[in-house]
Amino acid sequence: IIAQGGAVNSQTNGFVAFDPGSSGMVTVTGADSRWDVASSLRIGGGAAAAGGVGSLVIDSGGAVDVGQQLTIWNAGTVSLTGGSLAAATIDNDHGGSFAMTGGRLTVDLFQDGSFSQDGGTLAPGDVLAGTTAFTGILGLEAGATLEIDVGGVTAGSQHDLVTTDSLFFTNNAALDVELINGFVPDAADTFTVLTSATNFLGSFG
């Protein structure tokens, strides 16, 4: 457990339950508690294959920052209930579990057959404009928030963009639009902040 302002800095890769038959759990909780992984973090296995039963829990005040890829193997679970999780890529395409009921998620690419955000805030680019791409169905449930930063009219570089190569649906999730970098939009400006390869269902509350 990483708590009470503790910090762990993994200079290369991080692993939870690397070996078959092993088990492990890491909880990051409390103000200023954090785990920084310079390269990749694997939950329930190694770089190329599944291992044991591993879990990562990020709770209120905790922060996990992964420089490259977070991989969740079939017996791996990640629970974002508070705090923040940032990664370049999250690979949950191996039958593992990713649950988001709170906290703040910033990711460039999320690979999953179906992602459901039950709470917390999805923030492409965090405090700057950026793009979050999902492979598979993307669902934002009631209680979830999509935060879109707008600092200009160009998607991905001046304002946030969320894309999915499948269906997008929302069940009265909140849409929070924030102006950044002193930008003042004109009445004629338009902004594409969501794209779906198939269809959109539902509405924001």
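Start with the whole protein in view: for 205 residues, a compact globule would have a radius of gyration near 17 Å, and the protein has 17 Å, so the two agree. Keep in mind as you look around that this is a predicted model. Along the principal axes, the C-alpha atoms fill a box of roughly 60 × 35 × 25 Å.

Now switch to a cartoon view. You will find 17 strands and zero helices. If you turn on a surface, its accessible area comes to about 8800 Å², with 51% belonging to carbon and sulfur atoms. Of the 205 residues, 44% count as buried.

Next, go inside. Select Trp35, Leu56, Leu85, Ile90, Phe98 and Leu105: these have the most contacts within the largest nonpolar core, a group of 39 residues. Then colour strand S10, residues 97–122, which gives the most to this core, with seven residues.

Stay with Leu56 and show what surrounds it. Beyond its sequence neighbours up to four places away, Leu56 touches Val26, Val28, Trp35, Leu41, Ile43, Val64, Thr77, Val78 and Ser79.

For the last stop, select Ser40, in the loop between strand S4 (33–37) and strand S5 (41–43). Is Ser40 buried or exposed? Its relative accessibility is 4%, so Ser40 counts as buried. Setting aside residues within four places in sequence, its contacts are Thr12, Asn13, Gly14, Val66, Gln68 and Gln69. Try two distances here. From the C-alpha atom of Ser40 to that of Gly14, 26 residues away along the chain, you should read 6.3 Å. From a polar side-chain atom of Ser40 to the backbone nitrogen of Gln69, the distance is 3.4 Å.

Methods. Residues numbered from 1 in each chain as written. Predicted model: local features only at pLDDT ≥ 70, side-chain atom pairs only at ≥ 80, totals over all residues. Heavy atoms only, no water. Core = buried A, V, L, I, M, F, W, Y, C linked by side-chain atoms within 4.5 Å. Buried < 20%, exposed > 50% of the residue type's maximum accessible area, 1.4 Å probe, protein only. Helix = DSSP H or I, 4+ residues; strand = E, 2+ residues; numbered from the N terminus. Contact = heavy atoms within 4.5 Å. Polar contact = N/O pair within 3.5 Å; in protein donor to acceptor, adjacent residues only side chain to side chain. Rg over C-alpha atoms; globule rule 2.2 N^0.38 Å. Areas by Shrake-Rupley, 256 points an atom, 1.4 Å probe, with all protein chains shown as cover.
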